[in-house]
Amino acid sequence: MSPVPPPGIDPERLRAHLDRAVPGLVSGPLEARLIEGGRSNLTYVVGDGAGQWVVRRPPLGHVLATAHDMAREHRVISALHPTAVPVPEPLLLCEDDTVTGAPFYVMEYVGGTPYRTAEQLAPLGPERTRAAVLGLVDTLVDLHAVDPQEVGLGDFGRPEGFLDRQLRRWGKQLDASRNRDLAGIDELHAALGRELPSSPAPTVVHGDYRLDNVLLGSDDDRIKAVLDWEMSTLGDPLTDLGLLVMYSSDLGLPASPVSTTSGAPGHPSPAELIERYAARSGRNTSAIAWYTAFAWFKLAVILEGIHYRYTLGRTVGAGFDRIGELVPVFIAHGLTTLQEG
């Protein structure tokens with residue numbers, strides 16, 4: 001770690017706060033490094049030479065309402081930690097802006113690898129890659145099997161009208177970041193609204209479930225932790241599956257800053273993932289084309305928001321200069337998926 005802290009965190013202030021809130025946790029001066037790869041909330045590893053922890057905080061600018069709620073993230077991982085869903089142990093929530101400039105939370109450091117590209121995943125070989133991705137489906141089934149009431153998340157969201165509300169929410173997110181013409185995105189949004197499917201019973205949904213938002217162990221390729229719960233809520237579980245299917249589709253963009261693991265040898269096809277989820281969960285997945293098209297739309301909006309922050313100079317890290325050119329690709333895939341069913 002560099003002795004010069006990255007933007008968005010003050011190790012001295014953080015150390016002072018931890019000493020007050022969790023005496024004995026830290027035994028020396030803290031150093032911090034930004035974990036690259038995240039495009040929204042900022043994630044840092046902090047350490048004192050003896051131990052390491054992870055800090056999550058909102059981005060430095062253009063914070064949209066409810067999109068970067070640290071208390072929600074902290075609450076959901078606190079609720080899920082005792083269940084079969086692997087999440088890091090939460091240690092502290094701080095909603096005092098004077099410590100790092102924004103609310104944040106601290107959790108345990110979990111060792112493991114987030115695979116973001118086919119090139120990173122390929123050395124595992126076809127058999128290990130296949131097993132790892134199928135394990136991703138199995139963990140999603142475990143998440144959707146959690147009873148929200150039993151873990152204290154019965155009021156974590158409003159499942160009634162979830163899909164309609166999601167469409168309206170992401171339409172508003174788009175409007176908040178709209179500063180250029182995007183051909184087809186309004187057409188996709190409207191088409192999704194005309195063809196809303198009937199949702200199954202609600203569950204806890206992750207909201208951004210994919211291979212590079214989990215940590216795989218180096219010894220057994222099993223999922224050690226599911227990360228990035230910033231968009232979690234109670235709602236339609238098939239939205240998570242649709243997103244996973246979308247990320248398992250070949251974008252044909254090998255240099256993309258967005259996950260491209262689907263190109264690795266042995267990666268299961270979207271159809272295999274859908275079949276495994278349906279068999280293990282017992283849910284009807286016949287409307288999965290709608291959920292996948294919605295995932296393309298949602299990612300287009302998220303990427304456009306990131307591109308907007310980049311144009312304002314409010315991003316931290318590398319790779320943001322290529323985000324804007326991806327948005328039309330996601331829009332086109334969404335329209336095609338919805339039209340072809």
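Let me begin with a list of residues: Val 133, Leu 136, Arg 210, Leu 211, Leu 244, Tyr 247, Ser 248, Ser 259, Thr 261 and His 267 line the second largest cavity. Before I go further, I should say that what we are looking at is a predicted model, and that everything I describe this morning has been computed from that model. The cavity in question has a volume of about 60 Å³, and the count for the structure comes to two cavities of 30 Å³ or more. If we sort the lining by class, we find five nonpolar residues, four polar ones and one charged residue. As for the secondary structure around this space, helix 5 and helix 8, the latter covering 238-247, each supply at least two residues of the lining.

Helix 5 brings me to the salt bridges, of which the structure holds 17. Within helix 5, the residue I would like you to look at is Asp 138, which forms a salt bridge with Arg 276, with the closest N and O atoms 2.9 Å apart. Asp 138 belongs to helix 5, residues 125-145, while Arg 276 belongs to helix 9, residues 270-281, so this pair ties together parts of the chain that are 138 residues apart in sequence. On accessibility the two partners fall into separate categories, since Asp 138, at 16% relative accessibility, counts as buried, whereas Arg 276, at 24%, counts as partly exposed.

Which other residue meets Asp 138 in a salt bridge? The side chain of Arg 280 does, with an N to O distance of 3.3 Å. This pair again links distant parts of the chain, with Arg 280 in helix 9 and Asp 138 in helix 5, 142 residues apart.

Elsewhere, Asp 175 forms a salt bridge with Arg 178, where the closest N and O atoms are 3.1 Å apart, and Arg 178, at 35% relative accessibility, counts as partly exposed. There is also a network, in which salt bridges that share partners join Arg 56, Glu 73, Asp 228 and Glu 230.

Let me turn to the strands, and to strand 3 in particular, which covers residues 52-57. Five of the six residues of strand 3 are buried, so this strand is largely enclosed by the rest of the structure. Which strands does it pair with? Strand 2, residues 42-47, pairs with strand 3 in the antiparallel sense over six bridges, and strand 5, residues 104-108, is joined to strand 3 by four bridges, with these two strands also running antiparallel. Val 55 is a convenient place to see both pairings, because in strand 3 Val 55 has Tyr 44 standing opposite, and Val 55 in turn stands opposite Val 106 in strand 5. Strand 2 and strand 3 also make a hairpin with four residues between the strands, and in that hairpin Gly 49 takes a positive phi near 95°.

A further hairpin is formed by strand 7 and strand 8, with six residues between them, and here Asp 221 in the turn has a positive phi of about 60°. Strand 7, residues 214-216, and strand 8, residues 223-226, run antiparallel and are joined by three bridges, and the bridge partner of Leu 215 in strand 8 is Ala 225.

My last topic is the aromatic residues. A search of the whole structure finds three aromatic pairs. In one of them, Trp 290 and Tyr 291 are arranged edge-to-face, at 5.3 Å centre to centre and with 80° between the planes. Is Trp 290 buried or exposed? At 5% relative accessibility, Trp 290 counts as buried, and Tyr 291 is buried as well, with a relative accessible area of 1%. Trp 290 also forms a pair with Phe 294, and this one is stacked, at 5.5 Å centre to centre and with 15° between the planes. Trp 290 and Phe 294 both lie in helix 10, residues 288-311, and are four residues apart, which is about one turn of the helix. Phe 294 is buried too, with a relative accessible area of 2%. Taken together, the ring pairs link Trp 290, Tyr 291 and Phe 294 into a cluster.

Staying in helix 10, I will finish with Ala 300, which lies in that helix and is buried, with a relative accessible area of 0%. From Ala 300 to Thr 233 the separation is 67 residues in sequence and 20 Å in space, taken from C-alpha to C-alpha.

Note on methods: Residues numbered from 1 in each chain as written. Predicted model: local features only at pLDDT ≥ 70, side-chain atom pairs only at ≥ 80, totals over all residues. Heavy atoms only, no water. Salt bridge = Lys/Arg side-chain N within 4 Å of Asp/Glu carboxyl O. Buried < 20%, exposed > 50% of the residue type's maximum accessible area, 1.4 Å probe, protein only. 1 Å grid on protein atoms, 1.4 Å probe; cavity = no way out; pocket = protein on both sides within 12 Å on 5 of 7 lines; lining within 4 Å. Points joined across faces, edges and corners; volume = space filled by probe spheres on them. Nonpolar A, V, L, I, M, F, W, Y, C, P; charged D, E, K, R; others polar. Pairing = 2+ DSSP bridges. Phe/Tyr/Trp six-rings, centres within 6.5 Å; stacked < 30°, edge-to-face > 60°.
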